[in-house]
Amino acid sequence: MNRSLLGRIWPNATAIVLALGFVFPVYWMFTTAFKPNSDIITEDPVWFPFHGTFEHFTTAVNAPNFWTLVGNSVTVTVLAVGLSLLIALCGSFAIARMRFKGRKGIILTFMVAQMAPWEVLVISVYMIVRDADMLNSLVPLTFFYMLMVLPFTLLTLRGYVAAVPKELEESAMVDGCTRRQAFVKIIFPLLAPGLMATSLFGFITAWNEFPLVLVLNKEPDKGTLPLWLSQFQSQFGDDWGATMAAASIFAVPILVLFLFLQRKAVSGLTAGAVKG
Amino acid sequence: MKRGLIAATAVAGMLVSVAACGSGDSKTAGASDFKGKKLIVWVMDGSNPAQWTKQVSEDFKKKTGATVEFRIQQWNGIQQKLTTALSESSPPDVVEIGNTQTAAYAKAGALADLGDLKKEIGADWTDSFNKAAMADGKQYALPWYAGNRVVMYNKKIWAQAGIKELPKTRAELFKAFDTIKQKTEAEPLYLPGQNWYFFDGLTIGTGADLVKKEGSKWVSNLGDPKVSKAMDIYKQYQAFSTAPKNKDEATPQQAEIFSKGKTGAIIAMGYEGPTAVKANPAIKDDIGFFPIPGETADKPEGVFLGGSNLAVAGGGQNQELAKEFLKVALSKKNDAQMVKEVGWSPKSPDLASAAKGNPAAEAAAPGAAKSSGTTPLIPEWAQVENTPNPIKAYMTAVLNGKAPADAAKDVEGEINKRLAQKQ
Amino acid sequence: MSVQIEDAVRDSAPRIGKGGAPPSRRGRKTGRAARSAPYLLLIPALAATAVFLGWPMVRNLIISFQNLNMKQLIQHLTEWRGFDNYAEILGGEQFWRVTLRTVVFTAVNVTLIMVLGVLIGLLLAKLGKKMRLTLSVALVLTWAMPAIAATTVFQWLFDARYGVVNWVLDALGWHSMARFDWVGSQLSTFFVITVLIVWQSLPFVALNLYAATTTIPKELYEAARMDGAGTWKVFTSVTFPFLKPFFLATTFLEVIWVFKAFPQIFAINEGGPDRLTETLPIYAFTEGVGNLHFGMGAAISLLTIVVLLAMTAYYLRLTLKQEEDEL
């Protein structure tokens, strides 16, 4: 009796402690954004923002070019993720479903491509873009972000495509579909959740990228949001309040996307991983 | 990167003013050619005060018919950003560069020679200001502003402790800190362990050199007893503070801590007064300044003269216009505005009157005039201060109880490596 | 999702054979097209990789043989150094020390992430609906928090004087921790970095593991239980074998991610104190970009890839071998 009660309590108790532990930093970011300066740097932590203020949000949003940068960030991220999904889908279909020469080499290439040290490649990328006279443009940025997420997207989607039973495709072809039609009509709908899943990873990567955009796009209206986010940490010390307000704004699109796609995303990655 | 550079306006580094957009075909002077052009100037976040900026923009427009766009640069990653920008075909026209970094950029061939301009507008500039804008005997930049540290104290706390007279010597200062410690609840001094430019000032005070020449190579001189002596003075200061030994004065911002009214004093730049007031307006009337006292009453403590220069990008498309801009930006009138508005130290004797009425500037003046210096003015030096700055590691080690000579040995390898790095 | 797929499969399954005809082999006329199809499908991915990754990598390789500093970059000069950059790096002891440190760091973090992640994933499976949702939401919030924001918050939580962590430890009675300087020593700095990285990575593993367990047929569990297997036994005899590919793939990904962790380590203490928490990517960045010594940085980054390849060689070989058996 005692034991079963305990048996029921401990998982729940553990879960609560864990949930609090995981959420706390997120909570701290959001609440700090609402605290007046005098409540931010204190020897005794102020746990709840009772003296709420919007001043930090005002500071953050009124920074020069804020809305332009929002536009740039959204454009670059959406295009980069969209392109990589498209390209990866084609590629993953070939790898998962077809037998051909060089297949192993290609898989290896993408696995190794995941290891690319982008932080250090920045200077090579910069020199290439500079010499091509493409600085201060969103185009190279989009393509390089696309490539940062392409290998992961492709390999994950491959497992996902492989999880769709072959018979399904074959039966469709029996029904008179061409292979392409079979793909578009039967397999693609089944893949949709997987596409959402992998796209999350891409969104986070492209949305967060800082070192490359720092050197590629120096015109003030050609930057992206991470540049904006970094400006509240300055020579005169960090403006914690504004940094947290900016970070909160910055995090919201990703949070919404996650909560929205969460279930599909999670199981989508699983399907990929289990098979992969 | 990050904000490693923070502290001193000094490191502050680089203001590049860019004259980017012009088509750049014609390089001949003459006001009419400049009409409608736009000059781009990179200044660091926090460098250009509002009234000065307005004044300069108007004067420049009136004089040349061209407009100037100030582009505020963030500290995060500024080194990569500036270095790469200077390699481009249309770099910024004018850039702000920290006075300790100017030699490195000059040596890299990034800056235009401004020798003639200096003769024309800067004949009366104090040498201590100007020498940090030169490299190999040539003028590669023009000094814009510089300042040095002072003691910023809380008058209310000092009054509570019953201190009537401001200290004139280091011993008196330490006695005052002691009194505050015993008679009040306050922390006498907030001094984190890595206020490296304060330490640099102390080495200037003891007459130490941070580097020495060995054959044809520069090597670390941190093991020198004079450096140890300066570090020992720092340690005595730091003993009055409970501030973290491995942080610098910007994390967290010391002026904000001061603004809470529980700190007797900080070693600060003049502009940190307004920062404290912004964080807590009630503190305004309690803030006072005085020069950091030296060993004896006749000479204030050695101070690091930190500041920034303005330079013209060597590959710029509008170099003539950029020079016109410098004439305007560094005119007597606008220089005076910088001193008055921010409290920088006067660059020439004529500007002394502009400092009157700004208590921080007045407190800084004796140090600037009598005992100021900089970091070693060699092109290799900038590398040493790059994050992670080995001298900061040295400071923390000594404060944590290591013998100065041993701590110096620990970082010597790193410093020498950086000094010897191929250029 | 896998669940949904299976449902979908089941739903559509009846369609198979509806026409009654056995699936025919592909017609002869599609022969050549079929043979070139995989290449056509792969061209965009391969071309993009070649241009946007291959080219920078080649450029990086070239730079690694050069003396490329501020001056050479600004004046567009090319100065060859041959193998000097490599000789300097491989000849110094720092590279080897950093490599060893990186390997240990990666091993510790990945182990922690996998073990704790699996435990949390199994806990999720055990929980009731409401609690599961609560914990999942917490995990998702963590997962979605941008790295830049997360590192900033952690830096501050562990601040010596104004940090919440020290305040809590002090309040709990551990008074010597009141002003503890977390980034003062190598070990404690690594502790903070590890907490941050593990915190950030757990949601991925835990949520995926939970989702994966839902794909295990219930009968397997029932059978095991009937044989009287305990929780641990069920895990080792059913869950683990069934999800082995999942464990391998996730471990592989975590090895890459932890090994490459950059903003976390850099933001906490910039590789300090005394460069004692530099891992290979930080080392490459500090030497290359930070010190404006790009040739060195490029050389280190290439050596870094070699180390990472060595660390993942087992998995790479395994995968390639599997590829032969599949299809």
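**Exercise 1. Locate the two domains of chain B and describe how they touch.**

Step 1. The C-alpha centres of domain 1 and domain 2 of chain B lie 30 Å apart. These bounds come from an automatic or database domain assignment. Domain 1 of chain B covers 14–148 + 306–369, and domain 2 of chain B covers 150–304.

Before going on, note the conventions. The model is predicted: local features need pLDDT of at least 70, side-chain atom pairs count only at pLDDT 80 or more, and totals for chains, interfaces and linings use all residues. Residues are numbered from 1 along each chain as its sequence is written, while chains are lettered from A and ligands numbered from 1 in the order in which they are written.

Step 2. Count the contact. Domain 1 of chain B supplies 12 residues, and domain 2 of chain B supplies 15. Two residues are in contact if their C-beta atoms, placed from the backbone, lie within 7 Å.

Step 3. Find the main contributor on the domain 1 side. Helix α16 (residues 359–370) of chain B has the largest share there, with seven residues. Helices (H or I, at least four residues) and strands (E, at least two) are DSSP runs, numbered from the N terminus.

Step 4. Sort the domain 1 side of chain B by class. Seven residues are nonpolar, five are polar and none is charged. Ala, Val, Leu, Ile, Met, Phe, Trp, Tyr, Cys and Pro count as nonpolar; Asp, Glu, Lys and Arg count as charged; the others, Gly among them, count as polar.

**Exercise 2. Work out the three-stranded sheet of chain B and place helix α16(B) on it.**

Step 1. Set the order. The open sheet runs β11-β8-β12 (chain B), with antiparallel pairing. Two strands pair if DSSP finds at least two bridges between them.

Step 2. Why is one side of β11 (265–268) and of β12 (287–290) of chain B left without a neighbour in the sheet? Both strands stand at the edges and each has a single partner strand, so one side of each stays free of a neighbour.

Step 3. Check one pairing. Four bridges join strand β8 (residues 150–154) of chain B to β11(B), antiparallel. Val151(B) has Ile267(B) as its bridge partner in β11(B).

Step 4. Add the geometry. Neighbouring strands of this sheet are turned by 30° against each other on average, direction ignored. Helix α16(B) lies across β8 and β12 of chain B, at about 20° to β12(B). Axes are lines fitted to C-alpha atoms, for helices over the stretch in contact, and angles run from 0 to 180 degrees between N-to-C directions.

**Exercise 3. Trace the path from β2(B) to β3(B) and state its hand.**

Step 1. Strand β2 (residues 38–44) and strand β3 (residues 67–73) of chain B run parallel, joined by seven bridges. Lys38(B) stands opposite Thr67(B) in β3(B).

Step 2. The chain leaves β2(B), passes through helix α2 (residues 50–64) of chain B and reaches β3(B). This β-α-β crossover is right-handed: with the strands pointing away from the viewer, the path from the first strand over the helix to the second runs clockwise.

**Exercise 4. Decide which part of chain B to read with caution.**

Step 1. The mean pLDDT of chain B is 87, and 92% of its residues reach 70 or more. pLDDT is the predictor's confidence in each residue, from 0 to 100.

Step 2. Over residues 1–31 of chain B the pLDDT is below 50. Beyond near neighbours in sequence, this stretch has 135 contacts in the model. Where pLDDT is low, the predicted coordinates should not be read in detail.

**Exercise 5. Describe the two interfaces of chain C.**

Step 1. Take chain B first. The contact uses 26 residues of chain C and 27 residues of chain B. On the chain C side, α3 (70–75) and α14 (280–290) of chain C are the elements that give two or more residues. α3(C) gives the most, with five. By class, this side has nine nonpolar, 10 polar and seven charged residues.

Step 2. Now take chain A. Here 89 residues of chain C are in contact with 91 residues of chain A. Helix α2 (residues 31–63) of chain C gives the most to the chain C side, with 16 residues. That side divides into 66 nonpolar, 17 polar and six charged residues.

**Exercise 6. Summarise chain A.**

Step 1. Chain A has 12 helices and two strands. Its C-alpha trace spans about 75 × 70 × 30 Å along the principal axes.

Step 2. Domain 1 of chain A is 1–53, and domain 2 is 64–275. Their C-alpha centres are separated by 32 Å. Eight residues of domain 1 of chain A are in contact with six of domain 2. On the domain 1 side, the largest share, four residues, comes from α1(A).
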